[in-house]
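Q: Could you walk me through this one? I'd like to start with the sheet and then move on to side chains.

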Amino acid sequence: MDRTFDLDEADALMPEVLARAIVLVDLRADLAELTLDLRASGHSRLGGLAESKALEARLAETIGWFTETGIEVKGLAPFLIDFPSVLDGESVRLCWLEGESSLSWYHLTALGFAGRRRLPVS
């Protein structure tokens, strides 16, 4: 889906983004712990292979909501997403990083995360 978000549309999605990000981070941590335990000792307090597969499926489903909504998932650890947008006639990405409480950053599409800047105050 090639969707472009204006800032109001992206801001309106942020409560849902934040809620789903919490779920994603918990799933990511559980899967990492379970995988480590199974590799190291063959068992885990979190379960076994079936639970690992279930966590992988839930993680994929959670990531799927972002991509189906038109949000680009750029990284999982830390969780990083971009909303394709246009700012002052230029292609940009409204950028949110795990741990941030709001959508406050953008970068030129061609620059990526290294070109990250604060959104101008309206």
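What follows is a short exchange about the sheet, one loop residue and the aromatic rings.

Q: Before anything else, what kind of model is this?
A: This is a predicted model, and that should be kept in mind throughout.

Q: OK, what is the strand order in the sheet?
A: The sheet is open and has 5 strands in the order β1-β2-β3-β4-β5, with antiparallel pairing. Its edge strands are β1 (72–76) and β5 (117–118), each of which pairs on one side only.

Q: And how many bridges join β4 to β5?
A: There are 2 bridges between β5 and strand β4, which covers residues 105–108, and the two strands run antiparallel. Within this part of the sheet, Tyr106 stands opposite Arg117 in β5.

Q: Which strands does helix α1 touch?
A: Helix α1, residues 7–41, packs on the sheet and touches β1, β2 (79–87) and β3 (90–97), with its direction at about 165 degrees to that of β2. Helix α2, residues 49–69, also packs on the sheet, where it touches β1 and β2, and its direction makes about 145 degrees with that of β1.

Q: Changing topic: where does Glu100 lie?
A: Glu100 lies in the loop between β3 and β4.

Q: Is Glu100 buried or exposed, then?
A: Glu100 has a relative accessible area of 18%, and because the cut-off for buried is under 20%, it counts as buried.

Q: What is Glu100 in contact with?
A: Leaving aside neighbours within four places in sequence, Glu100 is in contact with Leu18, Cys95, Trp105 and Arg116. With Arg116 there is also a polar contact of 2.8 Å between the two side chains.

Q: Now the aromatics: how many pairs does the structure hold?
A: The structure holds 4 aromatic pairs. One of them is formed by Phe5 and Phe83, which are edge-to-face at 5.1 Å centre to centre, with 90 degrees between the planes.

Q: Which parts does that pair tie together?
A: Phe5 lies in the segment before α1 and Phe83 in strand β2, so the pair links parts that are 78 residues apart in sequence. Phe5 and Phe83 are both buried.

Q: And why is the pair of Phe79 and Trp96 edge-to-face?
A: The ring centres of Phe79 and Trp96 are 6.1 Å apart and the planes are at 75 degrees, and because planes over 60 degrees apart count as edge-to-face, the pair is described that way. Phe79 is in strand β2 and Trp96 in strand β3, so this pair ties together parts 17 residues apart in sequence. Both residues, Phe79 and Trp96, are buried.

Q: Which residues form the aromatic cluster?
A: Trp65, Phe66, Phe79 and Trp96 form one aromatic cluster.

Definitions and conventions. Residues are numbered from 1 along each chain as its sequence is written. This is a predicted model: local features need pLDDT of at least 70, side-chain atom pairs count only at pLDDT 80 or more; totals for chains, interfaces and linings use all residues. Side-chain values use heavy atoms; hydrogens and water are left out. Two strands pair if DSSP finds at least two bridges between them. Helices (H or I, at least four residues) and strands (E, at least two) are DSSP runs, numbered from the N terminus. Contact means heavy atoms within 4.5 Å. Axes are lines fitted to C-alpha atoms, for helices over the stretch in contact, and angles run from 0 to 180 degrees between N-to-C directions. Buried means under 20% relative accessible area, exposed over 50%, partly exposed in between (1.4 Å probe, protein chains only). A polar contact is a pair of N or O atoms within 3.5 Å; within protein, one must be able to donate a hydrogen and the other to accept it, and residues adjacent in sequence count only if both atoms are side-chain atoms. Rings of Phe, Tyr and Trp (its six-membered ring) pair if their centres lie within 6.5 Å; planes under 30 degrees apart count as stacked, over 60 as edge-to-face and the rest as tilted.
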